[in-house]
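The following note is intended for a colleague who is meeting this structure for the first time. Its points move from charge to overall architecture and then to individual side-chain pairs.

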Amino acid sequence: MSTQDRINEVLDNYIKTVRNDLQALWKRWPLDLTKKEMHEVIGALLARQVSLSTHLAMSPAAWNGHLGSLILRSMTDAHITLAWILKVDPLDRSIKFIEYGLGQAKLQLEHVKKQIEAEGGVVKDNPTVKAFEGWINEQRLADLTEVDVGAWSGLDTRKMAEEAGCIDLYHYAYAPFSASVHNTWHHIAVYNLQFCPNPLHRYHRIPIDRVISPDLDFVYRAARYVEKSFKLFTEKIGIGLEGKSAYQNFCEAMDALVDAVDTSETGDHNTK
């Protein structure tokens with residue numbers, strides 16, 4: 001079996017086991033229907049972490065600073081949100097999270113309606129409008145849904161991270177990956193410029209869509225962020241996994257693979 005085939009096998013196993021871990025945590029969490037919003041929001045955030053991690057693992061073309069950093073930034077944001085919700089009164093904070101999201105959906109719907117009208121269409125007959133309104137109304141009547149254009153928590157992400165004990169994650173992951181999301185100079189200058197080969201041009205830089213080799217470190221980081229969110233859930237809710245987690249198995253399998261490749265390349269085989 002080639003090294004690439006071994007890597008694919010490790011990744012396939014990770015994807016399968018991390019999804020199983022998510023379901024195991026969910027099934028072990030006793031459902032309290034008086035707090036269904038809390039269950040839904042926390043469950044959705046954990047599932048979001050798993051989805052981003054597994055889809056990154058399935059997409060080698062995204063294992064780079066162009067796309068991988070976008071996914072990791074989203075995962076750090078999700079973790080900070082989860083940590084802040086779980087810090088104090090998770091039911092109340094979950095309800096606020098939902099209400100803000102519904103308000104944003106209502107605002108988006110109004111923009112869709114205006115666009116349809118501008119194009120000469122009939123809003124009440126539009127299937128997109130009907131589906132969107134139905135989704136909002138099944139949770140809360142659109143007419144009763146308030147639109148809040150501020151932050152859903154009333155705080156910026158840095159303040160949320162401070163209150164939730166995630167300031168290190170904010171400084172060393174969220175903030176650096178934000179450069180990729182916002183296309184700031186210290187990101188695009190590194191990834192999308194190169195020096196002009198003409199020495200008479202004062203070493204100015206020219207645009208380039210640089211080909212970057214896939215880096216498995218992005219997959220590792222994503223798996224670590226899932227593990228971080230799972231551990232937070234266990235700490236705050238008191239529900240954990242039995243045995244090794246998908247992340248632990250992934251790390252052990254990758255270490256074993258690296259050792260096997262190193263041994264193969266050096267020719268240091270055990271002949272016993």
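1. In the count of charges, Lys and Arg are taken as positive and Asp and Glu as negative, while His and the chain ends are not counted. The place of a charge is NZ of Lys, CZ of Arg, CG of Asp or CD of Glu. On this basis the protein carries 30 positive and 36 negative side chains, and the centres of the two sets are 2 Å apart.

2. The model is a predicted one: local features need pLDDT of at least 70, side-chain atom pairs count only at pLDDT 80 or more, and totals for chains, interfaces and linings use all residues. Residues are numbered from 1 along each chain as its sequence is written, and side-chain values use heavy atoms, with hydrogens and water left out.

3. The protein contains 10 helices and two strands; these are DSSP runs, with helices (H or I) of at least four residues and strands (E) of at least two, numbered from the N terminus. Read from the N terminus, their order is α-α-α-α-α-α-α-α-β-β-α-α. Along the principal axes, the C-alpha atoms fill a box of roughly 75 × 60 × 40 Å.

4. Of the 272 residues, 36% are buried, that is, under 20% relative accessible area (exposed is over 50%, partly exposed in between; 1.4 Å probe, protein chains only). Among contacts (heavy atoms within 4.5 Å) with a separation of 6 or more, 71% join residues 24 or more positions apart. The exposed area is about 16200 Å², with carbon and sulfur atoms supplying 53% of it.

5. How many salt bridges does a search of the whole structure find? The search finds 10, each defined as a side-chain nitrogen of Lys or Arg within 4 Å of a carboxyl oxygen of Asp or Glu.

6. One salt bridge pairs Glu162 with Arg158, their closest N and O atoms being 2.3 Å apart. Both residues belong to helix H6 (residues 157-164) and are four residues apart, about one turn of the helix. Glu162 is partly exposed at 37% relative accessibility, and Arg158 is partly exposed at 34%.

7. Asp217 and Arg221 also form a salt bridge, at 2.9 Å from N to O. Because they are four residues apart in helix H9 (residues 217-237), about one helical turn separates them. Asp217 is partly exposed at 31% relative accessibility, as is Arg221 at 27%.

8. A further salt bridge links Glu252 and Lys244, with closest N and O atoms 2.9 Å apart. In addition, Glu110, Lys113 and Glu133 are joined into one network by salt bridges that share partners.

Note on methods. Areas by Shrake-Rupley, 256 points an atom, 1.4 Å probe, with all protein chains shown as cover.
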